[in-house]
Amino acid sequence: MSDIRTHNPISPPDDNSVGIYIHVPFCRTRCHYCAFVTSPYDPGLEEPYTSLVIKEMGLWATGKAREILAQDVLVETIYFGGGTPSLLRSDLIAKIIDACHAKFRVIASPEITIEINPASSHRRALKELCAAGVNRVSLGIQSLNDEDLRRMGRAHNSRDAVSIFKDIRAVGFDNVSVDLLAGFPGQSMNSVSNSLEQVLNLGPDHLSVYLFELKEGTRIESLLRDGKESASDDDLAADQYEHICRVTKSAGYDHYEISNFSRGGHFSRHNLKYWNDEIYLGFGPGAHGMTGRHRYYDLMDFRQYQQALSRNELPLASLTELNPFTRFKDALIMGSRLVEGLSLSRLGARYGIDAFAFVDETAGDLHSGGLYRIVGDTLVLTPRGLLLSNVIFSRWI
Ligand code: SF4
């Protein structure tokens, strides 16, 4: 490849606004498709976990991580993900939110999201979360077909999911997202289409639809290997995705990212930080962050995480210095996920790299193959490109 790097600045982030991600690693059971970092739920760990996360935050907010963060930050979003954040007592969630305010500068109206599992929440807890300042809920419904939920290994049924959605609305949340899963082995078009229709009838403000991906070490992998489930059908999954894009559009949702749809301007402000190449700090076992100059991963093992913090050390499993070329490629991959596309001239100027030449040299054949278009200075994935985005992104890793 010719040298397309025109100069080599260490690119500082454009501003100091950040998102905070809190990883709550506990789950009661393991869903069959899940490869996330999780530990078995133990109520005895809730308080120690909370103190450790707050301690980690403190190390980042004060001198300890100064050389990594190298600037004051202004927190715009806080996101509790997992794992199952709704297993954590709401007073402990409130304590973590208070600690964010105490240790960092936080804007006046931050977006504060929590992922809720229908199997582990109830109306009183939702009310308390609302009172604690949580203003956005992401509800993991995945499907409203009970047989599919069973085969996915979910710990709830469709009735639980609908009922908790109604509770979420009833306690006053006006920014609610729903997660659905499509393309799961054996999941029919009928099942996906019925689930989508019922979810749209509930009227969420935001929808995330993930296409099943087979991950190593998952229960579904062994079920498939033992012939107890039949392999998913890529063509059917593609049809399901196209169906979802079509139906959500006619229901008034804006398809703004490969897997995400919103209405009434209810985009995920937190996730937009990832797609827009902004800084985020992750806290909790297995969390990761990107400080502009570094990417880091926290220790996944709860005991090791605890031991590092008890020595007043950042509980890091890895800390990698990012060079402009690495950040450029990450930003290209993340930014291309946005349906409106990514300005290659802006991206190139930010990192001192000829983005047009890079894209052409690494993925010019995919342009001819109809996976993306260049409109003015913007790279836009085509509908086929949205579906086959991994093929494009694999060229930029
Ligand atoms: S609840 Fe979420 S994190 Fe926990 S096992 Fe299921 S998919 Fe994984």
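The expected span of a helix is 1.5 Å times one less than its number of residues. Keep that rule in mind, everyone, and let me walk you through this structure, which is a predicted model.

Let's try the rule on helix H7, residues 189–202. H7 has 14 residues, and from its first C-alpha to its last it reaches 20 Å, close to the 20 Å expected at 1.5 Å a residue. Which residues of H7 are buried? They are Ser 191, Val 192, Ser 193, Ser 195, Leu 196, Val 199, Leu 200 and Leu 202. The cover over them includes three helices you can look for, H5 (146–152), H6 (158–170) and H9 (234–250), along with strands E6 (136–142), E7 (176–182) and E8 (206–211). And just after H7 there is a detail to spot: Gly 203 has a positive phi of about 75 degrees.

Now to H6, one of the elements covering H7. Its 13 residues should span 18 Å at 1.5 Å a residue, and the end C-alpha atoms are indeed 18 Å apart, so the two agree. The buried residues here are Ser 158, Ala 161, Val 162, Ile 164, Phe 165, Asp 167 and Ile 168. Among the elements covering them are helix H4 (123–132), E6, H5, E7 and, returning the favour, H7.

Next, a helix pair. Two packed helices are described by the angle between their axes and the distance between the axes. How do H1, residues 46–61, and H3, residues 90–103, run relative to each other? Their axes come within 10 Å and cross at roughly 10 degrees. Angles under 35 degrees count as roughly parallel, and therefore H1 and H3 are roughly parallel to each other. On the H1 side, the contact is made by Glu 46, Glu 47, Tyr 49, Thr 50, Val 53, Ile 54, Met 57, Gly 58 and Ala 61; on the H3 side, by Leu 92, Lys 95, Ile 96, Ala 99, Cys 100 and Lys 103. The residues of this contact divide into nine nonpolar, two polar and four charged.

On to the ligand. What surrounds it? You'll find Cys 27, Thr 29, Arg 30, Cys 31, Tyr 33, Cys 34, Phe 36, Thr 38, Gly 83, Thr 84, Asn 117 and Arg 154 around it. That shell splits into five nonpolar, five polar and two charged residues.

Last stop: Ser 389, in helix H16, residues 389–393. Is Ser 389 buried or exposed? Buried means under 20% relative accessible area, so at 6% relative accessibility Ser 389 counts as buried. Leaving out residues up to four places away in sequence, Ser 389 touches Ile 258 and Leu 381.

Thanks for listening!

Notes
Residues are numbered from 1 along each chain as its sequence is written. This is a predicted model: local features need pLDDT of at least 70, side-chain atom pairs count only at pLDDT 80 or more; totals for chains, interfaces and linings use all residues. Side-chain values use heavy atoms; hydrogens and water are left out. A residue is near a molecule or strand if one of its heavy atoms lies within 4 Å of it. Ala, Val, Leu, Ile, Met, Phe, Trp, Tyr, Cys and Pro count as nonpolar, Asp, Glu, Lys and Arg as charged, and the others, Gly among them, as polar. Axes are lines fitted to C-alpha atoms, for helices over the stretch in contact, and angles run from 0 to 180 degrees between N-to-C directions. Helices (H or I, at least four residues) and strands (E, at least two) are DSSP runs, numbered from the N terminus. Angles under 35 degrees count as roughly parallel, over 145 as roughly antiparallel, 65 to 115 as roughly perpendicular and the rest as oblique. Contact means heavy atoms within 4.5 Å. Buried means under 20% relative accessible area, exposed over 50%, partly exposed in between (1.4 Å probe, protein chains only).
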